[in-house]
Amino acid sequence: MGKKVKKDEKPPPDDVFDTLAVESRNAGTVVLMLSSPEEDVQSKACEAIYKFVSKCDENKKQLLDLGAVEHLLALMQSEDKIVRRNACMAVGVMTAHPEVRKYLRKQETTFPALVNLLAPDEDTVCHEFSALALSNMATEFSSKAAIFENGGVEPLIRCLVANDPDVQKNSIEALALLLMDYQTRAAIRDLDGLSPMLEVLKSDYAIIQKLALLALERASQDGENRSALRELEAISKLIDFVAHPEWNDLHVMAVMVLSNLLEDLESLELIKETGGLKRLVALITDQVPVDEEPKGGKGDKGDKGGKGSRNAKKSAKESAAKCNHGTSAKKQESADSSEPPSGEAIIPTLPDVKMCAAKAICRSARSSENRKILHEQESEKMLIHLLSHESFEVQAAAAQALAVMAENLASRDSVREWEGLGPLIKMLGSENLSVKEAATLALANLTTANSNNCQEIQTLNGIEPLITCLVDGREDAVANAACVLTNLAQIETLRVDAQNKGVVRALIEPLSSRNVTVQSKVALAVAAFVCDFDSRENFRQSDGIAPLIGLLSSGNDEVRRNAAWAVTVCAVDEPTATEICKLGGMEILQEIQMSSTRRSPFAEAALQKLLDNNLSAKYALTGNLSSTNFIENGFYDIGQLRPGTKFLTLEEYAKQEMNEKRPIILINAKPDPAFSQTQSQAELDAKQESSKTSVTGKNSRTGRDSKTKTRKQQEREEKQREEELQAQLQREAEAISAAENKPFEAPCDSTLLKYIEEVTEKIQPLPTTREQVKALAGFVAEKMGGSIERGQLSNFGWELPISQIKYELKSNVVPLGKIKAGIHVHRALLFKTLADKIAVSCSLVRGEYNRAWNEVLLPEEEYSLEDVLFAFSPTPGAPKFPPKTYIVDLIHEPGSLLRVDTPEAQTYKKI
């Protein structure tokens, strides 16, 4: 053995402190160690802080209060790699706390330091935690802008190709957050970041794939990015991704990216050429793609399968832990095959995926060119297939997509041919309100300008469910159902069928809705269905007029327009027009027409139709009845109505107390029932009088016998008389009560009835209209007190006789036939009334100061011999055309015809 040589150990220098192992359990002490000039102490302090802050959020806040973040920021820029790495780890974890992020945003060195740590020559751990810090900071908008300004996008893209999955995860998460800003969307394309994002989809980790899809969904919102993704064959890659059943929990996000891409016409054309659309449809409907031949049978089309297994992926718990703490992700040993499954065993896609696919088609179909391509690829078949799915969300999304597709005319026929209307009608009875709303919207679009679809709905018994939707559904469903019924009403047989099923009554309740869309659509439906006498009567008796008139005061233009159109249809018959006037509809229409902003042709048409079917109101408001306005029984003239004054019914005027104002002149040519009753009563009284006389004679003969009556007999007779008196009083009280409760009846005018019979017998047979006019004018003047010399009108006593009539009738309403002394206003009204009865065309015009006149359109006198010989050589005796307008003189020279453009006519119209 050799001799052992003793090793010389040199003692430490005198000016160096001996090594000191310090054990500290106080966070403040460790923070003080960060200020040490020794890199080893700094490194160990940073590592201790990293472990401490990873435990809970309270520790992060405690170190922030102790000022540790300021030192850590400085150490992140240290020359020592280990110090930089440990400081970065601590800061990365601490950024999960909002107070820490708030502090870091205020420091100018934060983002440059984090971005510098993503340099290629830095440690992988630095990449991981720096990216983690950036992803946490990017949750606020100001931080997004700061990261972009400091060039943080490019190094994050570079980190996507790193081998470490934690680096990939944090980088793609940061990019996904940054892509919420439009600047980053443009930059990611210029920096070639789309291709690495697509490659990340092949990752073995679910969380990375999910974040990559989220980033792609946000990036594809930019049109130029969509173009770049098409060049990178992103559509095919995404469809391949959807074809993997083991990734079914991510299929929804993949379809969302496809939804963005399919917005462009170029994408649809590309997917059409490559057959990708049919393949996607087959995947969504759980069918074998057209180009694949199944080796076995077709798989089940049900959707009861759960999520596919993900053996090669990390668990959700591990992913969550990695998100929160930035721990290292570990790859699994085995990986799934990248080949999609063959048609041998079809695994159903999840309901959420089907819903998202339907929404994608709905979104793409908003463009007319896209709808055309989707129709060529028979996308409607997929949507019809999804209508029968058990999920309400899938049904609603498919129906909404069909509603958009139905804007294409060819699609409407295709849906019917592929039996898509049946499932939609079935959905009307769904308990889910969203499903019902979507179904009604689809049916509304499918029945627009398509009579075949309307007929098919009746065949499938769809009218009753639609009527039910009017009273049992959310507001949008009510509006859509009303729209469908309006479309059906264009066909008479369908309209009658719906009326028989009670559609008119069902439309009344939605009229009171506060939703303007419901109000507009339902008012239009009312106009479509209330177009015959029976339906109008049903609508009126069901109290539908009041809510309809209420819509005329709406602040929405479309509601007012549709309500005015419905009023135009309802006012065709006199009872409904009278009811509308009674409820104030005429005043509202007048107010609308006086407004410079709300007036419209629809309101004008409604007012005109209302007046044409309520001539009393028309004459009071306009002072003019044309030759096409025929006066009937029930017409009354109240005089010129002042603007803003409400027009009352005849019953309301009749119930007013008698006053000194001009009388309400009534036209009601009917026999007076009171006269016949009086005659019958007189005959009855005469019989009773004769019987009393005979009884008196008998009593005189038996007077002596009556004295001999006993006291009891007298009491019995007296009691009997009292009972008869009580019975008579009770009958009188009942008669008075019956008279009060009896409906109002206008006073009859038997005199006017006789006038009509007389002119019909004597004047109507005259050979020419001119002769009829002259004869009728003479007849009217005779019945109204005869002719009056010019200048003597003021001496013609007509006011006192009319006042006496009012006093006799105890009413302000005076039948026209009772007036025996009348002037212009009375004679012109009588002339118009009688002329209408014998088919003599004339108009009635009211002037000022009780002036009124009749205008007739008559040809001139027959051609003279000179005209026959030298001018036109017409048939001798033929009238001259065109006809001229004349005013009929009923006052001074009854029967004279005054040309309207002559001074005599102007004098006749004025005082």
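Is Asp 637 buried or exposed? Select Asp 637 to find out: at 1% relative accessibility, this residue counts as buried. Keep in mind as you click around that you are looking at a predicted model.

**Stop 1: a salt bridge at Asp 637**

Stay on Asp 637 and add Arg 662 to your selection. The two side chains meet in a salt bridge, with 3.4 Å from N to O. This pair links distant parts of the chain, 25 residues apart. Asp 637 sits in strand E2 (residues 635-637), while Arg 662 is in the loop between helix H41 (650-655) and strand E3 (664-667). While Asp 637 is buried, Arg 662 is partly exposed, with a relative accessible area of 30%.

**Stop 2: helix H41**

You have just passed helix H41, which is where you'll find Leu 650. Select Leu 650: this residue is buried, with a relative accessible area of 10%. Now pick Ala 746 as well and look at the C-alpha atoms. Leu 650 and Ala 746 are 96 residues apart along the chain, yet their C-alpha atoms are separated by 7.9 Å.

**Stop 3: a bridge between two helices**

Next, select Lys 783 and Glu 758. Here is another salt bridge between side chains, at 4.0 Å from N to O. Lys 783 lies in helix H46 (residues 769-783) and Glu 758 in helix H45 (residues 750-762), so this pair ties together parts that are 25 residues apart in sequence. Glu 758 counts as partly exposed, at 25% relative accessibility.

Salt bridges can also share partners. Select Arg 101, Arg 105 and Glu 140, which are joined that way into one network.

**Stop 4: a bridge inside one helix**

Now go to helix H2 (residues 39-53), which holds both Asp 40 and Lys 44. How far apart are the closest N and O atoms of Asp 40 and Lys 44? They are 3.7 Å apart, and the two residues form a salt bridge. Along the chain, Asp 40 and Lys 44 are 4 residues apart, about one turn of the helix. Check the surface around them too: Asp 40 is partly exposed, with a relative accessible area of 48%, and Lys 44 is exposed, at 52%. The two values fall on either side of the cut-off, because exposed means over 50%.

And how many salt bridges are there by this rule? The count comes to 34.

**Stop 5: a nonpolar patch on the surface**

Switch on a surface view and select Leu 524, Trp 565 and Phe 602. Together they make a nonpolar surface patch of about 250 Å². Take the members in turn. Leu 524 lies in helix H33 (residues 516-529) and is partly exposed, with a relative accessible area of 32%. Trp 565 belongs to helix H36 (residues 557-570), and this residue is partly exposed as well, with a relative accessible area of 39%.

Before leaving, add Arg 561 to the view. Its C-alpha atom and that of Leu 524 are separated by 9.1 Å, with the two positions 37 residues apart along the chain.

**Stop 6: a cavity**

Time to look inside. Rolling a probe the size of a water molecule over the atoms shows where empty space is left. Searching the whole structure turns up 2 cavities of 30 Å³ or more. We'll visit the second largest cavity, which holds about 60 Å³ of space.

To see the lining, select Val 255, Leu 258, Leu 262, Leu 277, Leu 280, Val 281, Ile 284, Ala 357, Ala 360, Ile 361 and Met 382. Which helix gives the most to this lining? That would be H19, with 4 residues. Helix H17 (251-261), helix H19 (276-284) and helix H21 (351-364) each supply at least two residues. Color the lining by residue type, and you'll get 11 nonpolar residues, with no polar and no charged ones.

**Stop 7: two loops with an unusual angle**

For the last stop, turn to backbone angles. Select Asp 192, in the loop between helix H12 (182-190) and helix H13 (194-200). Asp 192 is not a glycine, but has a positive phi of about 55°. At 60% relative accessibility, Asp 192 counts as exposed.

Then jump to Glu 378, in the loop between helix H22 (368-376) and helix H23 (379-387). Glu 378 also has a positive phi, about 60°, although it is not a glycine. With 34% relative accessibility, Glu 378 counts as partly exposed.

Conventions. Residues numbered from 1 in each chain as written. Predicted model: local features only at pLDDT ≥ 70, side-chain atom pairs only at ≥ 80, totals over all residues. Heavy atoms only, no water. Buried < 20%, exposed > 50% of the residue type's maximum accessible area, 1.4 Å probe, protein only. Patch = residues over 30% accessible without salt bridge, like charges linked within 9 Å, V, L, I, M, F, W, Y side chains within 5 Å. Areas by Shrake-Rupley, 256 points an atom, 1.4 Å probe, with all protein chains shown as cover. 1 Å grid on protein atoms, 1.4 Å probe; cavity = no way out; pocket = protein on both sides within 12 Å on 5 of 7 lines; lining within 4 Å. Points joined across faces, edges and corners; volume = space filled by probe spheres on them. Nonpolar A, V, L, I, M, F, W, Y, C, P; charged D, E, K, R; others polar.
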